[in-house]
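Please open the structure in your viewer and keep the sequence panel beside it. The stops below each ask you to make a selection and then describe what can be found there.

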Amino acid sequence: MKFGGTSVGKPERMHQVSQLITRNAEPTLVVLSALSGTTNALVEMSTALASANKQNAAEKIAVLEKQYRAFIIDLLKEEDIRVKANEMNTEHFEFLKITQKISLSDALNKDILAQGELMSTKLFSLYLEQEKIEHALIPALDFMCLDMNDEPDLTLIAQKIKVVLAQHPTKKLFITQGYICRNAKGEVDNLKRGGSDYTAS
């Protein structure tokens, strides 16, 4: 099952997704996009860094971080889970703030763009934990990969995901990120716009 940014863009939407994915007992792998608006904000931030407009980049990071903190308050009600979410949030936004102090490269730009999917899946996983829904969060970076021509390496993906799933023999619900992957060099990369659909297929 695959859900785009709008489907997880509000806390109540995440609640609905959790109901959809637990309707039956079939093994289910759920692919999530970044929260709606996040990837665009990260692209704008990266563009600002590319033009050396660090003030503008810092402002965009601050706005996005504020949105995520509000999202966490609405999504999670248990204090211990909320603490975990805020710690995760801080970690990702600290990374984004650090990027302002180093030169922007293509590899760093890809790392920046990956943050949206990483955060959305971690937040959703914490919500499932709060609701006592058994699942495993499996990183797409452990199995989604490109070949030397920047095309998805189907054979290697099949091999890698079997290894990842074998680590969770008792689980029937799996959450992973759409869009992000590793290239042939092992660096963080992405499947371009619509990439989450490819991850799901």
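Leaving aside its neighbours within four places in sequence, which residues is Glu117 in contact with? Before selecting them, bear in mind that this is a predicted model. Glu117 has its place in helix 5, and with a relative accessibility of 2% this residue counts as buried. Once its neighbours within four places in sequence are set aside, Glu117 is in contact with Leu32, Ser33, Ala34 and Thr39, and also with Gln177, Gly178, Tyr179 and Ile180.

**The whole protein**

Now zoom out and colour by secondary structure, where the protein shows seven helices and six strands, arranged along the sequence in the pattern β-α-β-α-α-α-α-β-α-β-β-β-α. The C-alpha trace spans about 50 × 45 × 25 Å along its principal axes. The radius of gyration is 17 Å, which agrees with the value near 17 Å that a compact globule of 201 residues would have. If you switch on the surface, the accessible area comes to about 10,300 Å², and 52% of this area belongs to carbon and sulfur atoms. Buried residues make up 47% of the 201 residues. Among contacts between residues at least 6 apart in sequence, 71% join residues at least 24 apart.

**Helix 1 and its cover**

Next select helix 1, residues 11-21, and within this helix show the side chains of Pro11, Met14, Val17, Ser18 and Ile21, which are buried. Because these residues cover an arc of only 110° around the axis, they lie on the same side of helix 1. To see what covers them, add strand 1 (2-3), strand 2 (28-32), helix 3 (54-75), helix 5 (106-130) and strand 4 (173-177), which are included in that cover.

**The largest nonpolar core**

In soluble globular proteins, nonpolar side chains tend to be buried together. Here the largest nonpolar core has 56 residues, and those touching the most other members are Met14, Ile21, Leu76, Leu123, Phe124 and Ile175. Helix 5 gives the most to this core, with eleven residues. Centre the view on Phe124, which, apart from its neighbours within four places in sequence, is in contact with Met14, Val17, Ser18 and Ile21, as well as with Leu32 and Ile175.

**The aromatic pair**

How many aromatic pairs does the structure hold? The structure holds one, and to find this pair you can select Tyr68 and Phe93, whose rings are arranged edge-to-face, 5.8 Å centre to centre and with 65° between the planes. Tyr68 lies in helix 3 and Phe93 in helix 4 (residues 79-98), so the pair ties together parts that are 25 residues apart in sequence. Tyr68 counts as buried at 2% relative accessibility, and Phe93 is buried as well, with a relative accessible area of 0%.

**Leu141 in its loop**

For the final stop, select Leu141, which lies in the loop between strand 3 (136-137) and helix 6 (154-166). Is Leu141 buried or exposed? At 16% relative accessibility, Leu141 counts as buried. Apart from neighbours within four places in sequence, the residues in contact with Leu141 are Ile180, Cys181, Arg182 and Val188. If you then draw a distance from the C-alpha atom of Leu141 to that of Glu12, the two are 28 Å apart in space, while 129 residues apart in sequence.

Methods:
Residues numbered from 1 in each chain as written. Predicted model: local features only at pLDDT ≥ 70, side-chain atom pairs only at ≥ 80, totals over all residues. Heavy atoms only, no water. Buried < 20%, exposed > 50% of the residue type's maximum accessible area, 1.4 Å probe, protein only. Helix = DSSP H or I, 4+ residues; strand = E, 2+ residues; numbered from the N terminus. Arc of directions from axis to C-beta. Contact = heavy atoms within 4.5 Å. Core = buried A, V, L, I, M, F, W, Y, C linked by side-chain atoms within 4.5 Å. Phe/Tyr/Trp six-rings, centres within 6.5 Å; stacked < 30°, edge-to-face > 60°. Rg over C-alpha atoms; globule rule 2.2 N^0.38 Å. Areas by Shrake-Rupley, 256 points an atom, 1.4 Å probe, with all protein chains shown as cover.
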